[in-house]
Amino acid sequence: MQYINYGTTDLVVSRFGLGCMRFPKEQQEAIDMVRYALDHGVNYLDTAYIYNNSEVTLGKALKDGYRNKSVIVAKNPIWDVRKYDDFEKYLDEELKRLEVDYIDIYLLHSLGAENFDKVIQFDGFTFLDKMVEKGKIRHTGFSFHGTNELFKKVVDSYPFEMAQIQLNILDEFQQAGLDGLKYAYQKKMATVIMEPLRGGHIVNNYPEEVDYLIKNYKEKRSLVEWAFRWLYNLKEASVIISGTNNLTQLKENISIFSDAKSDVMSEEDLLLIKAIRTEFEKKNVINCTGCKYCMPCPYGVDIPEIFKLYNSVSVMKSHFIDRLVYRDTILHAGNGADKCVECGICKIHCPQSIDIPEELKKAHQALVKK
Ligand code: SF4
Ligand code: SF4
């Protein structure tokens, strides 16, 4: 495992961070996975108030001396904050779930324009200062889904020690983007990458043209490895988090990160990545990461699953299975796009700014086509 100094803090962290958002359903399996990661050099654990039961599971995994090997990153659910005291109420709940006295790095979760306004309105910066003083948190940061312009505004608004952004081979110019990453790095902040495989979309059902590109390249690596390599090649990216959900995947990731040094890619390698991106851009119809922030839909529409199928239908040549799943599972259970009444609630929560009701109409048409 490769390690890196974490911005201006005194922490030294593994370049691979275990994302705890997509833990396996079986708690013991998740606990074993966390401990395997910690035993094999990963010390960075990323969780959040809204990741279902993740904090409770993590708390159990960190018993028996494992807490001492770990750096815990947790996040405050800003969208649920209605007054100043709510910030601390949620933090206290997280400390209880995790069964720890303090959190190493505490983030304001998913800052976009609306959540950032809330932080200002309810004095979130005073909250962070006070929690550091009280010793409930050690370091401060924020995670982000918004425009590049807003990202810079947030970075400049408070002496945050870290910023967590979405970045991957397809998102160089989206959201904070590579430019945002460099901006935060210049300010000496630690920078953490989430969605390195864009919710698995980059490596599941990728276009056959991409397959051709990687198979015919002089260096033989899997697409997962190229996607991670492009990120750890960036000296500005401190940690790359991946939401691993089984041990096999975790072992593969740890192996990839055993050699995760910056500046290892040649000009030719970077051209390969550019060619891969171009192939994706030709095929993809929707930019959904599967984060589920739009869920639940009050009318039962399974938005992320429908978009996953929609993208798959547009990327893959074999459309049959996707349409079968849509018809026999999603529509059958009453969770299809046909149930959407265009109330717009989901749209407010989408970090990718997808016009969900409009895209659902298109997805439905594509998925019911014979
Ligand atoms: S716009 Fe449609 S999908 Fe979104 S919450 Fe309303 S009914 Fe559900
Ligand atoms: S539609 Fe938006 S909020 Fe919903 S899963 Fe996709 S990216 Fe996330």
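The following paragraphs lead through a predicted model, from a helix and the strands of its interior to the surroundings of two ligands.

Helix 3 is a suitable place to begin. This helix runs over residues 84–98, which makes 15 residues, and spans 23 Å from its first C-alpha to its last, close to the 21 Å expected at 1.5 Å a residue. Its buried residues are Phe87, Tyr90, Leu91, Glu94 and Leu98. These residues lie on the same side of helix 3, because they cover an arc of only 100° around the axis. Asp85, Asp92 and Lys96, on the other side of helix 3, are exposed. The buried residues of helix 3 pack against two helices, helix 2 (54–61) and helix 5 (124–134), and against two strands, strand 5 (71–76) and strand 6 (103–111). After helix 3 comes Glu99, with a positive phi near 60°.

Strand 5, one of the elements against which helix 3 packs, deserves a closer look. In strand 5, 6 of the 6 residues are buried, and the strand is therefore largely enclosed by the rest of the structure. In a regular strand, side chains alternate between the two faces of the sheet. In strand 5, Val71, Val73 and Lys75 are on one side, Ile72, Ala74 and Asn76 are on the other, and all of them are buried, so that both faces are covered. The parallel partner of strand 5 described here is strand 4 (residues 44–46), and the two pair over 3 bridges. Within this pairing, Val73 of strand 5 has Asp46 opposite it.

Strand 8 (residues 162–166) offers a second case of a covered strand. Of its 5 residues, 5 are buried, and strand 8 is mostly covered. Met162, Gln164 and Gln166 point one way from strand 8, whereas Ala163 and Ile165 point the other way, and all are buried. Strand 8 pairs in the parallel sense with strand 7 (residues 137–144) over 4 bridges, and Ala163 in strand 8 is the bridge partner of Phe142. Strand 8 also pairs in the parallel sense with strand 9 (residues 190–194), over 5 bridges. There, Gln166 stands opposite Met194 of strand 9.

Further along the chain, Ile254 lies in helix 10 (residues 247–256). Is Ile254 buried or partly exposed? Ile254 is partly exposed, because 19 other C-beta atoms lie within 10 Å, while a buried residue has 20 or more. Once neighbours within four places in sequence are left aside, Ile254 is in contact with Met1, Phe16, His40 and Val42. Gln27 is 227 residues from Ile254 in sequence, and their C-alpha atoms are 21 Å apart in space.

The two ligands complete the account. Around ligand 1 there are 14 residues, of which the closest are Cys297, Val301, Cys340, Cys343 and Cys346. Helix 14 (345–349) and helix 15 (356–368) are the elements that give two or more residues to this shell. Helix 15 gives the most, with 3 residues. By class, the shell around ligand 1 has 12 nonpolar residues, 1 polar and 1 charged.

Ligand 2 is surrounded by 15 residues, and the closest are Cys288, Cys291, Cys294, Pro304 and Cys350. Here helix 12 (residues 303–315) gives the most to the shell, with 3 residues. The shell around ligand 2 divides into 10 nonpolar, 4 polar and 1 charged residues.

How values were computed: Residues are numbered from 1 along each chain as its sequence is written. Chains are lettered from A and ligands numbered from 1 in the order in which they are written. This is a predicted model: local features need pLDDT of at least 70, side-chain atom pairs count only at pLDDT 80 or more; totals for chains, interfaces and linings use all residues. A residue is near a molecule or strand if its C-beta atom, placed from the backbone, lies within 6 Å of it. Ala, Val, Leu, Ile, Met, Phe, Trp, Tyr, Cys and Pro count as nonpolar, Asp, Glu, Lys and Arg as charged, and the others, Gly among them, as polar. The expected span of a helix is 1.5 Å times one less than its number of residues. A residue is buried if 20 or more other C-beta atoms lie within 10 Å of its own, exposed if 12 or fewer, and partly exposed in between; C-beta atoms are placed from the backbone. The arc is that of the directions from the helix axis to the C-beta atoms. Two residues are in contact if their C-beta atoms, placed from the backbone, lie within 7 Å. Two strands pair if DSSP finds at least two bridges between them.
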